[in-house]
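The following exercises are to be worked with the sequence and the coordinates at hand. Each task is followed by a solution in steps.

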Amino acid sequence: MTGEEMERAIEFLLQGQANFEVRLTAFDTRLDRLTERVDQLTVKVDQLTGSVEQLAGEVREMRQQLQLHVETQSEFIKVVTSHIEAQSRFNDDFRATQTRLAEGSLSLATTVQRFIEGRS
């Protein structure tokens, strides 16, 4: 190999090394940006995780309140149903009493009428 060929070979190797270093620097820059982006995404994921945990807690609390409301409504329905049934029984008893009173009044009126007719 002549001196000139040696210089060209060295120049070629140096140029290849320079190109490699440029590509390596560009890769490092992209890797740094990617690392920064991953860090940003990690922060956002942590924030979202916190939000989801808070939301889950609120849903649990709301579920407990809803369960309490359901239980209260069930008790209310039982009380109202019981009251309606009692009112219905009272109404039935009241009508029966009215019927007996009406029959008794009619019987009394008939007896009084006969008594009056018998005296005349």
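**Exercise 1.** Which side chain meets that of glutamate 4 in a salt bridge?

*Solution.* The model under study is a predicted one.
Step 1. The partner is arginine 8, with an N to O distance of 3.5 Å.
Step 2. This pair satisfies the criterion, which asks for a side-chain nitrogen of Lys or Arg within 4 Å of a carboxyl oxygen of Asp or Glu.
Step 3. Both glutamate 4 and arginine 8 belong to helix H1, where they are four residues apart, about one turn of the helix.
Step 4. Glutamate 4 has a relative accessibility of 55% and therefore counts as exposed. Arginine 8, at 52%, counts as exposed too.

**Exercise 2.** Determine how many salt bridges the rule gives, and describe the remaining pairs.

*Solution.*
Step 1. The count comes to three salt bridges.
Step 2. One of them joins lysine 78 to glutamate 75, whose closest N and O atoms are 3.7 Å apart. These two residues lie three positions apart in helix H1, about one turn of the helix.
Step 3. Lysine 78 is exposed, its relative accessible area being 54%, whereas glutamate 75 is partly exposed at 46%.
Step 4. Another salt bridge links the side chains of arginine 95 and aspartate 92, at 2.8 Å from N to O. Again the spacing within helix H1 is three residues, about one turn of the helix.
Step 5. Arginine 95 is partly exposed at 46% relative accessibility, and aspartate 92 is partly exposed at 42%.

**Exercise 3.** State how many helices and strands the protein chain contains, and assess whether the chain is a compact globule or more spread out.

*Solution.*
Step 1. The protein chain holds one helix and zero strands.
Step 2. Its radius of gyration is 50 Å, well over the 14 Å that the globule rule gives for 120 residues, so the chain is more spread out than a compact globule.
Step 3. The helix, H1, comprises residues 3-119.
Step 4. The C-alpha trace spans about 170 × 20 × 15 Å along its principal axes.
Step 5. Glutamate 85 and threonine 35 are 50 residues apart along the chain, and their C-alpha atoms are separated by 73 Å. Glutamate 85 is in helix H1 and is partly exposed, with a relative accessible area of 44%.

**Exercise 4.** What percentage of the 120 residues is buried, and what supplies the exposed area?

*Solution.*
Step 1. Buried residues make up 0% of the chain, the cut-off for burial being under 20% relative accessible area.
Step 2. The chain exposes about 11,200 Å², of which carbon and sulfur atoms supply 61%.

**Exercise 5.** Identify the residues of the nonpolar patch and of the negative patch on the surface, and set them beside the charges of the chain.

*Solution.*
Step 1. The nonpolar patch consists of Phe20, Leu24, Phe27, Leu31, Leu34 and Val38, which together have about 530 Å² of accessible area. Leucine 31, in helix H1, is partly exposed at 38% relative accessibility.
Step 2. The patch of negative charge gathers Asp28, Asp32, Glu36 and Asp39. Aspartate 32, also found in helix H1, counts as exposed at 53% relative accessibility.
Step 3. For the chain as a whole, there are 14 positive and 20 negative side chains, and the centres of the two sets lie 17 Å apart.

Notes. Residues are numbered from 1 along each chain as its sequence is written. This is a predicted model: local features need pLDDT of at least 70, side-chain atom pairs count only at pLDDT 80 or more; totals for chains, interfaces and linings use all residues. Side-chain values use heavy atoms; hydrogens and water are left out. The radius of gyration is taken over C-alpha atoms; the globule rule is 2.2 Å times the number of residues to the power 0.38. Buried means under 20% relative accessible area, exposed over 50%, partly exposed in between (1.4 Å probe, protein chains only). Accessible areas come from the Shrake-Rupley method with a 1.4 Å probe; for residues, only the protein chains shown count as cover. Lys and Arg count as positive and Asp and Glu as negative; His and the chain ends are not counted. The place of a charge is taken as NZ of Lys, CZ of Arg, CG of Asp or CD of Glu. Patches are made of residues with over 30% relative accessible area and no salt bridge: like charges are joined within 9 Å, nonpolar side chains (Val, Leu, Ile, Met, Phe, Trp, Tyr) within 5 Å.
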